[in-house]
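Trainee: I would like a close look at one part of this model: the enclosed space inside it, and what surrounds that space. Please take me through it step by step.

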Amino acid sequence: MLYHPEFDPIAIHIGPIAVRWYGLMYLVGFASGLMLGRARIRSNNNSPISIRGFDDLLFYIILGVILGGRLGYALIYDLAGVLHSPITIFYVWKGGMSFHGGLIGVCVAIAFYARFKQKDWLVLTDFVAPLVPLGLAAGRIGNFINGELWGRSTDVPWAIVFPQSGTSLGRHPSQLYEFFLEGIALFLILWFFSRIKRPTGVISGLFLVGYASFRFIVEFMREPDAHLGLLSFGFSMGQWLCIPMLLLGVFLISRTCLLYTSDAADE
């Protein structure tokens with residue numbers, strides 16, 4: 001059995017300012033997206049967006065991640081607290097970010113940008129989707145460093161004791177499972193398919209299906225939120241949020257492939 005090293009959550013101090021590892025992981029995620037996006041644009045003469053345009057789009061995306069992630073967490077995971085004291089929505093220093101809320105925020109942000117620049121929304125989401133998983137991977141490393149979002153108890157050889165959980169039970173390192181599946185594996189899948197000819201919307205749908213599937217599986221090994229527990233059919237809140245995401249992804253892939261096949265037949 002292994003033991004969590006209990007990293008100091010603060011990476012560095014800059015005068016009176018404490019820079020936390022989790023915040024740095026967000027910066028790593030956005031930086032990786034910026035570099036990958038620019039590299040794709042430079043290597044593709046038919047890129048749907050210019051480097052300057054992508055820099056502008058990334059600003060919208062960052063706002064979507066932060067605002068959507070925070071609002072999503074407050075409304076999905078802490079609704080009772082928000083109803084009791086709405087001002088707590090703005091207590092970002094207390095932590096609490098929702099991936100699903102952040103995803104909605106990003107989709108809305110891209111929609112605003114697409115409308116303003118008169119671009120196809122799905123073309124832009126197809127471009128952005130392969131850039132996301134490495135950012136997710138960085139976030140999961142941040143979770144592991146903080147010793148949060150630990151897994152359920154287990155006796156597997158790689159079980160880790162998280163003192164932050166208040167017990168001496170060995171647990172699944174679910175943060176690392178998500179790092180490899182939602183981060184590395186999903187990135188490789190999307191990066192491969194983004195480099196071959198495919199109908200518009202397939203990459204976006206594949207991202208939804210891939211993330212939802214990986215997250216749904218890992219949730220069986222991740223400790224559910226203490227104040228929510230397991231919901232209907234023994235599923236966690238994360239799993240229930242992944243179901244519509246999975247269905248939407250399947251619908252998007254099916255629809256775009258059918259339209260693509262129909263157009264090809266007409267030609």
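How many cavities of 30 Å³ or more does a search of the whole structure find?

Mentor: One cavity of 30 Å³ or more turns up in the whole structure. Keep in mind that this is a predicted model. The volume of the largest cavity is about 50 Å³. Its lining consists of Tyr77, Arg215, Glu219, Arg222, Glu223, Pro224, Asp225, Ser236, Met237 and Gly238. Sort that lining by class and you get five charged, three nonpolar and two polar residues. Helices H8 and H9 each contribute at least two residues to the lining.

Now take the loop between those helices. H8 spans 202-219 and H9 spans 237-266. Aromatic rings come in here, so the pairing rule is needed: ring centres must lie within 6.5 Å. By this rule the model has 17 aromatic pairs. Start with a pair from another part of the model, for contrast in setting. Tyrosine 26 and phenylalanine 30 are 6.3 Å apart, centre to centre, and their planes meet at 55 degrees. That pair is tilted, because over 60 degrees would be needed for edge-to-face and under 30 for stacked. Both residues sit in helix H1 (residues 21-43). They are four residues apart, about one turn of the helix. Phenylalanine 30 is buried because its relative accessibility is 18%, under the 20% limit. Tyrosine 26 has a relative accessible area of 24%, so this residue is partly exposed.

Back in the loop, phenylalanine 220 pairs with phenylalanine 235. Their centres are 6.4 Å apart and the planes are at 75 degrees, which makes the pair edge-to-face. Phenylalanine 220 and phenylalanine 235 both belong to the loop between H8 and H9, 15 residues apart, and the pair links distant parts of the chain. Phenylalanine 220 has 43% relative accessibility, so this ring is partly exposed. The two rings belong to one aromatic cluster with Phe216, Phe233 and Trp240.

Phenylalanine 233 deserves its own check. This residue, too, is in the loop between H8 and H9. Its phi is near 60 degrees, a positive value in a residue other than glycine. Phenylalanine 233 counts as exposed because its relative accessibility is 73%, over the 50% limit.

For comparison, turn to an open space. The second largest pocket has a volume of about 410 Å³. Sixteen residues line this pocket, and Arg40, Asn44, Pro48, Ser194 and Arg198 lie nearest its centre. By class, its lining has six polar, five nonpolar and five charged residues. H1, helix H5 (121-128) and helix H7 (174-194) each supply at least two of the lining residues. H5 gives the most, with three. Arginine 40 has an aromatic contact as well. Arginine 40 lies over the face of tryptophan 191, 5.7 Å from the ring centre.

Last, the strands. An open sheet of three strands runs in the order S1-S4-S5, and its pairing is mixed. Strand S1 (2-3) and strand S5 (170-171) are at the edges with a single partner strand each, so one side of each has no neighbour in the sheet. Strand S4 (residues 160-161) pairs with S5 in the antiparallel sense, over two bridges. Isoleucine 160 stands opposite arginine 171 in S5.

Between S1 and S2 there is a loop that holds glutamate 6. Phi of glutamate 6 is near 50 degrees, again positive in a residue other than glycine. Then comes the antiparallel pair of strand S2 (residues 10-14) and strand S3 (residues 17-20), joined by four bridges. Histidine 13 faces alanine 18 of S3 across this pair, standing opposite. S2 and S3 make a hairpin with two residues between them. Glycine 15 in that turn has a positive phi of about 65 degrees.

To return to your request: the search gives one cavity of 30 Å³ or more. H8 and H9 each supply at least two residues of its lining.

Definitions and conventions: Residues numbered from 1 in each chain as written. Predicted model: local features only at pLDDT ≥ 70, side-chain atom pairs only at ≥ 80, totals over all residues. Heavy atoms only, no water. Phe/Tyr/Trp six-rings, centres within 6.5 Å; stacked < 30°, edge-to-face > 60°. Buried < 20%, exposed > 50% of the residue type's maximum accessible area, 1.4 Å probe, protein only. Lys NZ or Arg CZ within 6 Å of the ring centre and 35° of its normal. Pairing = 2+ DSSP bridges. 1 Å grid on protein atoms, 1.4 Å probe; cavity = no way out; pocket = protein on both sides within 12 Å on 5 of 7 lines; lining within 4 Å. Points joined across faces, edges and corners; volume = space filled by probe spheres on them. Nonpolar A, V, L, I, M, F, W, Y, C, P; charged D, E, K, R; others polar.
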